[in-house]
Amino acid sequence: MIARDHGGNLDAACARHGGTRADWLDLSTGINPVPYPLPDLPGEAWTALPDAGAREALIAAARRFWNIPEEASILPVPGASAAIAQIPRLAPPASVEIPGPTYNEHAAAFDRHRWQVRETGPARGRVLVHPNNPTGAFHPAPAPRGLTVIDESFCDVAPERSHVGLCPRFDLLVLKSFGKFWGLAGLRLGFVIGAEKPLQRLEDMLGPWAVSGPALIAGTAALSDLAWAEETRARLAADAARLDALMTGAGADLSGGTSLFRLYEVPDAARMQEHLARHHIWSRIFPWSRHAIRLGMPGPEGWDRLQEALS
């Protein structure tokens, strides 16, 4: 069984270092700390089963926002992780290449469905996290090779780098997350883009009404708000530069990341995490490195706290 560890484990931080969730500045995830403002939701969004018309409106908004080819299909899902858990079932178990270090839910899902997971070498399937989490590296467009997954959960900060234009060529699936860039992870909304046949199979696996009525309406509003997206990209880029200045001023070296999270090298990552935790600031370290520490962007209220902790 492949080990899985995640950011966002704030309850564990509270148990170890005290305080309640409200006392902490959680920088352990790559979620935008300034979320998209939720639209007014009609009562029917909560009381009725999700509406087919609202689902089609969401799909149309997604197609426009990501410039998805007309011949490609789009499947809304209850969070990208729900799709990640089921995608290995779309092909017979074989070998899958997942270059690491990267988001570990992909390897866990393929391993659970009896695929042979390897980081390099020839394989029947492939997963590319684009840009990669946590290094921020982008991948070139892949050549055809069996089941291929491109996880673009963080690509909305750099839409010009997306590979969605390749769809629906060969057995390619592109994943989009709604929780990261729009900062609404609790809404549980994501998308799978690809050919019609595998998406229909995936939809059957997830069952009817997989995406909630509130998620359909909020997602449509957010994907239709191009001005907010542009302003957010500019703000996140400025925040990333500000975070780099704070961390390098404290002796860290920038080693990667995106404008939603930054990856630094420090002499002792566990020691720095403990130091920040004493100030009730939570960060992310990794079992594969003693030196790597990842921080998400603080919200407007968090910068002074972080600067004080690093002083």
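Of the 311 residues in this chain, 50% count as buried, and I should say at once that what we are looking at is a predicted model. The radius of gyration is 20 Å, close to the 19 Å that the globule rule gives for 311 residues, so the chain is as compact as a globular protein of that length. If you turn the C-alpha trace along its principal axes, the spans come to about 55 × 50 × 35 Å. The chain holds 10 helices and 13 strands, and among contacts between residues at least 6 apart in sequence, 65% join residues at least 24 apart.

Let me turn to the sheet. Seven strands form an open sheet with mixed pairing, in the order 2-8-7-6-5-3-4. Strand 2, residues 73–77, and strand 4, residues 116–118, stand at the edges with a single partner strand each, so one side of each has no neighbour in the sheet. From one strand to the next, the twist averages 20 degrees. As an example of the pairing, strand 5, which covers residues 125–129, runs parallel to strand 6, residues 148–151, over 4 bridges, and here Arg-126 stands opposite Thr-148 of strand 6. Packed on the sheet is helix 6, residues 196–206, which touches strand 2, strand 7 and strand 8, and whose direction makes about 20 degrees with that of strand 2.

Next, the interior. Which residues touch the most other members of the largest nonpolar core? They are Trp-182, Leu-223 and Leu-306, in a core of 56 residues, and helix 8, residues 226–249, gives the most to this core, with 7 residues. Leaving aside residues up to four places away in sequence, Trp-182 has a list of contacts that includes Pro-35, Tyr-36, Phe-65, Trp-66, Leu-223 and Trp-228. Apart from this core lies another, of 21 residues, among them Val-77, Ala-83, Phe-110 and Val-149.

Finally, the cysteines. A disulfide is a covalent bond between the sulfur atoms of two cysteines, and in this model the count comes to 0. Cys-155 is in no disulfide, since the nearest cysteine sulfur, that of Cys-167, is 12 Å away, whereas a disulfide would need the two sulfur atoms within 2.5 Å. Are these two residues buried or exposed? Cys-155 is buried, with a relative accessible area of 0%, and Cys-167, at 2% relative accessibility, counts as buried because the cut-off is under 20%.

Notes
Residues numbered from 1 in each chain as written. Predicted model: local features only at pLDDT ≥ 70, side-chain atom pairs only at ≥ 80, totals over all residues. Heavy atoms only, no water. Pairing = 2+ DSSP bridges. Helix = DSSP H or I, 4+ residues; strand = E, 2+ residues; numbered from the N terminus. Axes fitted to C-alpha atoms, helices over the stretch in contact; angles between N-to-C directions. Contact = heavy atoms within 4.5 Å. Core = buried A, V, L, I, M, F, W, Y, C linked by side-chain atoms within 4.5 Å. Buried < 20%, exposed > 50% of the residue type's maximum accessible area, 1.4 Å probe, protein only. Rg over C-alpha atoms; globule rule 2.2 N^0.38 Å.
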